[in-house]
Amino acid sequence: MNTIKFKADGVELTAEKGQSVLEALLANRIYIPYMCHHPDLKPVGSCRLCVVEIEGTGLTVSCHTPLQDGMVVRTETPEVATVRKSAAELLIANHNADCLSCYKDTECALQDVARYVGIEKENLERLQNLKPSFPIDDSNPYFVRDPNKCVLCGICIRTCDEIMGLGAIDFAFRGFATVVSTFGDKPIVESICESCGECVVRCPTAALYPTNGSKPQRKVKSVCPYCGTGCGIEIGVRGNKIVSIDGDADAPASKGLLCIKGRYSFGFNDAEDRVTSPMLRKNGDWEECSWEDALNHIASEFKRISDSYGADSIGVLGSARATNEENYLTQKFTRVVIGTNNVDCCARVCHAPSAVGLKMMLGTGAATNSFDDIEQAQTILVTGSNTTENHPVVGTRIRRAKLNGANLIVIDPRKIPLTRLADIHLQIHPGTNVPLFNSFAYVIIDEKLYDKEFIDERIDDYESFFNFINDYSPERVSKICGVPADLIREAARLYASQKPSMCVHGLGMTEHWQGSESVMSLINIALLTGNIGKPGTGVNPLRGQNNVQGSAHMGCEPGNLTGFIPIENGRSRFEEVWKSPIPKNKGRNLMHMLDAAIEDKLKAMWLIGYDVYLTNPHADSTSRKAFENMDMVIVQDMFLTETAKAFGTVFLPVASPYEKDGTFMNGERRVSRIRRAVEPPENVKTDWEIICDLAKVMNKGELFDFSSAEEIWDEVREVWDAGRGITYNRLDKGGVQWPCPGETHPGTTVLHGEEFPHGKRTSFREIPHTPTSEKANSEYPFVLNTGRTLYHFNAGTMTFRTANKLLYPEDYLYISYEDAKRLGIVNGDRVRIRSAYGETEQTVRVSDTVRPGELYTTFHTPEVFINKITNPNRDRFASTPEYKVTAVQLITT
């Protein structure tokens with residue numbers, strides 16, 4: 001039996017096995033005062049308010065006492081009341097009693113306790129006179145820390161320790177001077193606090209409260225519009241304005257957690273510079289126009305350009321910020337209305353190599369496992385991913401797994417936050433992933449740590465790979481990667497022997513000359529050790545944007561249709577459903593479209609939610625030349641992007657992710673519902689509405705006759721077997737992971753358990769190390785690496801229109817102490833950074849996170865525009881740019 005019986009105040013009750021006395025009483029709707037208890041945290045019993053009397057035991061703290069079958073509990077006796085009253089007075093003595101002006105007002109747990117136990121004013125005043133006054137910390141733009149309202153319950157400390165695994169705060173000082181403080185009693189903004197707000201939402205008083213104190217009238221469940229974790233959110237709405245966002249405790253990917261972006265960074269939705277009318281550029285200036293005029297102009301230009309240069313002179317880019325339904329219509333429109341396969345999305349410049357590598361070797365170009373496997377893994381290998389900053393909720397789960405006993409290997413050129421916890425940090429030179437993983441394979445084979453049974457059952461022709469790998473001993477690879485040979489051996493042994501072992505990787509693996517091959521070399525070691533097809537294992541790319549997995553998977557990809565089905569494999573079914581032929585000409589990816597434009601072969605581009613100019617490499621010699629050669633550049637976005645400012649000829653304003661219905665697909669293959677929380681501004685449309693309206697103008701309206709996102713999704717299900725069982729009705733109950741071929745199918749958490757899509761067996765890939773041509777030299781002696789920061793997102797379109805810009809106001813250049821000293825540079829200096837492709841100017845931060853000879857910067861701002869100097873090399877399989885390696889020089893100003 002899972003229930004037990006007990007008595008409380010003479011009434012026989014039932015409770016679940018394993019509950020504490022307090023949990024059992026609360027579950028039975030019996031009020032017990034408490035302050036330090038929280039259902040998300042381990043019990044500590046420090047406040048003593050929840051004391052009860054247990055027959056045969058006496059007074060006891062109920063939150064810390066397991067309920068026993070037949071237990072007799074008394075919650076109201078004179079002794080219990082006396083203890084509770086004394087405990088409450090001691091707590092309230094630490095707290096300023098200005099309740100009328102308090103943020104918590106009628107929702108304060110302390111007021112509830114005070115009213116329940118009864119507080120004697122004389123005792124309260126006497127104790128409060130002994131308490132010192134503390135300064136209020138308002139350094140964080142999103143929340144205030146007021147120690148004067150703190151009752152020292154410790155919930156915030158335990159939240160940071162137990163839930164976040166961070167430990168940014170703790171008790172400091174003694175007696176009446178005791179306070180919750182950061183290390184060194186610094187302002188919270190100067191601590192290691194990640195501004196996630198988890199402590200704020202759990203604080204029972206107003207010691208921590210949000211600066212935006214508006215209470216929502218209603219809440220709407222949706223999905224965060226930032227990274228690819230797919231965190232569930234509850235959007236708090238008042239009128240037609242978003243006033244708060246909380247984590248959705250039912251969301252499987254995030255389990256109620258949020259980061260600073262998901263919880264606080266929604267201010268862009270009401271930014272003053274948001275565009276709310278279509279515009280045409282005339283004589284160099286933007287002029288507002290009607291939707292009719294804008295769409296007629298686009299239709300006319302598409303026809304003129306197609307008639308003059310052919311349909312393949314037009315290209316379309318879907319958006320990682322748009323829904324699955326909108327990306328599906330984007331590629332359908334491109335193929336059946338324009339008549340070209342020139343359709344792509346921003347996956348091209350980030351995780352296309354992951355999709356390529358996984359598809360080529362395992363048959364499915366997506367993560368093999370789920371985020372829940374993090375807690376099941378014995379060893380976690382994080383490579384090329386600053387997880388706690390770029391995917392903070394996944395990073396938190398990894399951090400907690402490590403603190404709960406998992407092994408952690410971090411492979412990164414920098415000392416990222418996770419390296420503080422790592423068992424092993426391999427601080428490799430950028431661009432040396434392939435030889436490193438080949439060396440892992442060498443050690444695993446040499447020391448016979450491979451899974452022979454798995455290899456015999458699932459791998460073909462492994463002897464050839466075993467021979468190939470002999471050239472990659474740790475001693476040889478050590479000189480290439482810049483890490484000690486014995487450390488490579490130790491990491492390989494740990495990964496191979498402490499199973500199950502799970503790999504997660506980011507753009508530090510993919511944005512390289514050998515990006516696709518880096519992923520394949522990682523897959524090699526997973527196959528070699530049998531870490532595929534089981535819980536707690538696999539190869540799992542951490543997707544960078546909220547729907548970048550979905551945008552490519554819906555068919556915004558020149559060679560594949562919805563479901564990542566090669567065009568020729570899916571042609572007959574799609575043509576039947578679409579009632580229209582699919583072009584036979586090979587489509588161009590984004591990078592090839594730009595090449596074609598430079599060669600005068602591509603004359604128009606439609607960019608949906610994608611600032612190509614700011615984010616593509618070698619911007620002035622590739623993107624600029626390409627766009628300047630086009631006759632029409634349509635930008636569909638919320639704001640005037642850098643591409644729109646410089647080259648746009650038509651601008652179409654769109655609804656934000658908070659203003660529309662549909663679905664997103666996260667990095668673990670989970671499809672989840674997003675819901676309209678607020679109405680878009682007047683005269684603003686959703687992406688799918690714009691596509692359908694333009695199709696009508698171009699006489700193809702019957703192929704785009706949709707009245708809702710759900711109708712579009714039902715057509716997606718019709719052409720995509722692996723998603724056929726994912727209905728909106730199911731999604732209303734929670735996200736579902738594909739493959740899910742039928743409505744009774746539960747979805748798939750782990751791929752490749754028994755076989756791969758192409759059969760039971762696969763093969764290793766023999767991948768030689770081919771060094772990049774981009775190397776440091778006497779003229780350009782530093783290697784520059786680029787990435788994101790915790791506080792900002794990609795081109796900064798959203799986050800730089802929020803208070804995040806106060807926490808991280810610009811793109812900084814990180815340099816080692818040794819190099820800074822040698823060059824006479826100190827924190828805050830401005831330097832010019834020059835490559836063979838361009839130059840820019842940045843503010844320096846001297847740091848121990850980078851090695852001598854290597855630099856790091858973020859790429860968020862047009863003021864720095866770091867992609868004017870990044871190199872033009874591309875991955876040979878996926879055409880993904882080599883953002884992570886650029887040779888540069890520094891010029892002090």
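Is C203 buried or exposed, judged by its relative accessibility? The notes below take up this residue together with other features of the structure, which is a predicted model.

1. C203 counts as buried, its relative accessibility being 10%. The closest cysteine sulfur to that of C203 belongs to C153 and lies 6.3 Å away, and because a disulfide calls for two cysteine sulfur atoms within 2.5 Å, this separation is too far for a bond.

2. C227 can be read alongside C203, since C227 is likewise in no disulfide, with the sulfur of C231 as the nearest cysteine sulfur at 5.8 Å. The relative accessible area of C227 is 10%, and the residue is therefore classed as buried. With the 2.5 Å cut-off applied, the count of disulfides comes to zero.

3. Turning to the start of the chain, strand 1, which covers residues 3–8, pairs with strand 2, which covers residues 11–16, and the two run in the antiparallel sense over six bridges. Within this pairing, T3 has E16 of strand 2 standing opposite. The two strands form a hairpin in which two residues lie between them, and one feature of the turn is D9, whose phi is positive at about 55°.

4. Further along, a barrel is closed by six strands, and a reader following them around should take the order 32-36-33-35-34-37, with the caution that the pairing is mixed. From one strand to the next, the twist averages 45°.

5. The two strands at the ends of that written order, strand 32 and strand 37, can be looked at in detail. Strand 32 (residues 782–787) runs antiparallel to strand 37 (residues 886–892), and three bridges join them. L784 has T886, in strand 37, as its bridge partner.

6. Where in the chain is T849 found? T849 sits in the loop between strand 35 (839–846) and strand 36 (854–858), and both of these strands belong to the barrel order given above. The side chain of T849 makes a polar contact, at 2.7 Å, with the side chain of S847.

7. The surroundings of T849 also deserve a remark. T849 counts as buried because its relative accessibility is 17%, and the cut-off for that class is under 20%. When neighbours within four places in sequence are left aside, the residues in contact with T849 are P413, R414, K415 and Q427, so that this loop position, between strand 35 and strand 36, is in contact with residues from another part of the numbering.

Terms used
Residues are numbered from 1 along each chain as its sequence is written. This is a predicted model: local features need pLDDT of at least 70, side-chain atom pairs count only at pLDDT 80 or more; totals for chains, interfaces and linings use all residues. Side-chain values use heavy atoms; hydrogens and water are left out. Two strands pair if DSSP finds at least two bridges between them. Helices (H or I, at least four residues) and strands (E, at least two) are DSSP runs, numbered from the N terminus. Axes are lines fitted to C-alpha atoms, for helices over the stretch in contact, and angles run from 0 to 180 degrees between N-to-C directions. Buried means under 20% relative accessible area, exposed over 50%, partly exposed in between (1.4 Å probe, protein chains only). A polar contact is a pair of N or O atoms within 3.5 Å; within protein, one must be able to donate a hydrogen and the other to accept it, and residues adjacent in sequence count only if both atoms are side-chain atoms. Contact means heavy atoms within 4.5 Å.
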